[in-house]
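Work through the exercises below with the structure open beside the text. Try each task before reading its solution.

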Amino acid sequence: MASLRMIVGKWQLRNQLSKRNSLAKDVGEAFSLHDGMFRAGISTATETFSAHGKFAGGIVAPYTVYKGKAALSAAPVLPTFSKLDSGGLKVHRRGTIMLTFWPASGERKYDWEKRQRFALSATEVGSLISLASKDSCEFFHDPSMLSSNAGQVRKTLSVKPNDSGYFISLSVVNNIQKTNDRFSVPVTSAEFAVMRTAFSFALPHLMGWDRYTSLLPKNMSESPLKVSSPLLMDSEWDR
């Protein structure tokens, strides 16, 4: 009887140790996964790059506000890099904050096919995030500026204060297609505060300055290194 109790006791002890080891493994994997997700979400250059320099598993996380006549979303488009002969990296194209507008087509319905984009440069982001409560700003984009086709397509983005926040408006005049699209989205002070904070956080990443303190990908191709989601358009002129 004593030997049977000893065998049962050893079996129970072994079973408890096995459960503890399994729990420790699960907790360890959970912390490892959380750490990996944290680094992947904050850094633009970690071990999660593929051999072609693209982020493993694209991230799409726009900030979007839906209003009665139109919707507005904002998302960062990170810079591209080219590899120097010395082995270092050079900014090939600086990043932007891509604003996307699309009109309402009914109650709580929006027409994505009629969207228009406006890409804020780092300096334009600086102008926007430095606005005081009663300040306004306006930006003009022309893809054919300084050429014979200047003025054929013009985009104008304006940010003007109102009683509860700002009006963010976009006008797109296309003389080639004979179209004139206008969007105006009222943004509350709280919504604008979210945009200001997010834009401020993203600004060093748009300039590529985060690369000074982050790890480089182990494998890089000779072509410009592109770090962005394949689901986001790189240019405001894309549809």
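The exercises that follow concern a predicted model, and they go from the whole chain to single residues.

**Exercise 1. The chain as a whole**

Task: Find how many helices and strands the protein chain has, and what share of its residues count as buried.

Solution: Begin with the secondary structure, where the protein chain shows 3 helices and 12 strands. Next turn to burial: of the 239 residues in the chain, 35% count as buried. Then look at the surface, where the chain exposes about 15,200 Å², with 57% of that area supplied by carbon and sulfur atoms. Finally, consider the contacts with a separation of 6 or more, 55% of which are between residues 24 or more positions apart.

**Exercise 2. An open sheet**

Task: Work out the order of the strands in the open sheet of 4 strands, and explain why one side of strand S8 and of strand S11 is left without a neighbour in the sheet.

Solution: Start with the order, which reads S8-S9-S10-S11, with antiparallel pairing. Because strand S8 (137-141) and strand S11 (179-188) stand at the edges and each has a single partner strand, one side of each lacks a neighbour in the sheet. From one strand to the next, the twist averages 10°. Now take one pair in detail: strand S10, covering residues 165-174, is joined to S11 by 10 bridges, and the two run antiparallel. Within this part of the sheet, Ser-169 has Ser-184 in S11 as its bridge partner. Last, add the helix, for H3 packs on the sheet and touches S9, S10 and S11, while its direction makes about 100° with that of S11.

**Exercise 3. The largest nonpolar core**

Task: Identify which helix gives the largest share of the largest nonpolar core, and list what Leu-99 contacts beyond its neighbours within four places in sequence.

Solution: First establish the core, which has 31 residues, and note that those with the most contacts inside it include Leu-72, Leu-99, Leu-157 and Phe-199. Its largest share, 7 residues, comes from helix H3 (residues 189-207). Then follow Leu-99, which, with neighbours within four places left aside, is in contact with Leu-72, Ser-73, Ala-74, Gln-116, Arg-117, Phe-118, Leu-120, Leu-157 and Phe-199.

**Exercise 4. A lysine in strand S9**

Task: Decide whether Lys-155 is buried or exposed, and find what its side chain reaches.

Solution: Locate Lys-155 in strand S9, which spans residues 153-161. Its relative accessible area is 2%, and because buried means under 20%, Lys-155 is buried. Then trace the side chain of Lys-155, which reaches the backbone oxygen of Arg-117 at 2.6 Å.

Conventions
Residues are numbered from 1 along each chain as its sequence is written. This is a predicted model: local features need pLDDT of at least 70, side-chain atom pairs count only at pLDDT 80 or more; totals for chains, interfaces and linings use all residues. Side-chain values use heavy atoms; hydrogens and water are left out. Buried means under 20% relative accessible area, exposed over 50%, partly exposed in between (1.4 Å probe, protein chains only). Contact means heavy atoms within 4.5 Å. Accessible areas come from the Shrake-Rupley method with a 1.4 Å probe; for residues, only the protein chains shown count as cover. A polar contact is a pair of N or O atoms within 3.5 Å; within protein, one must be able to donate a hydrogen and the other to accept it, and residues adjacent in sequence count only if both atoms are side-chain atoms. A nonpolar core is a set of buried Ala, Val, Leu, Ile, Met, Phe, Trp, Tyr and Cys residues joined through side-chain atoms within 4.5 Å. Two strands pair if DSSP finds at least two bridges between them. Axes are lines fitted to C-alpha atoms, for helices over the stretch in contact, and angles run from 0 to 180 degrees between N-to-C directions.
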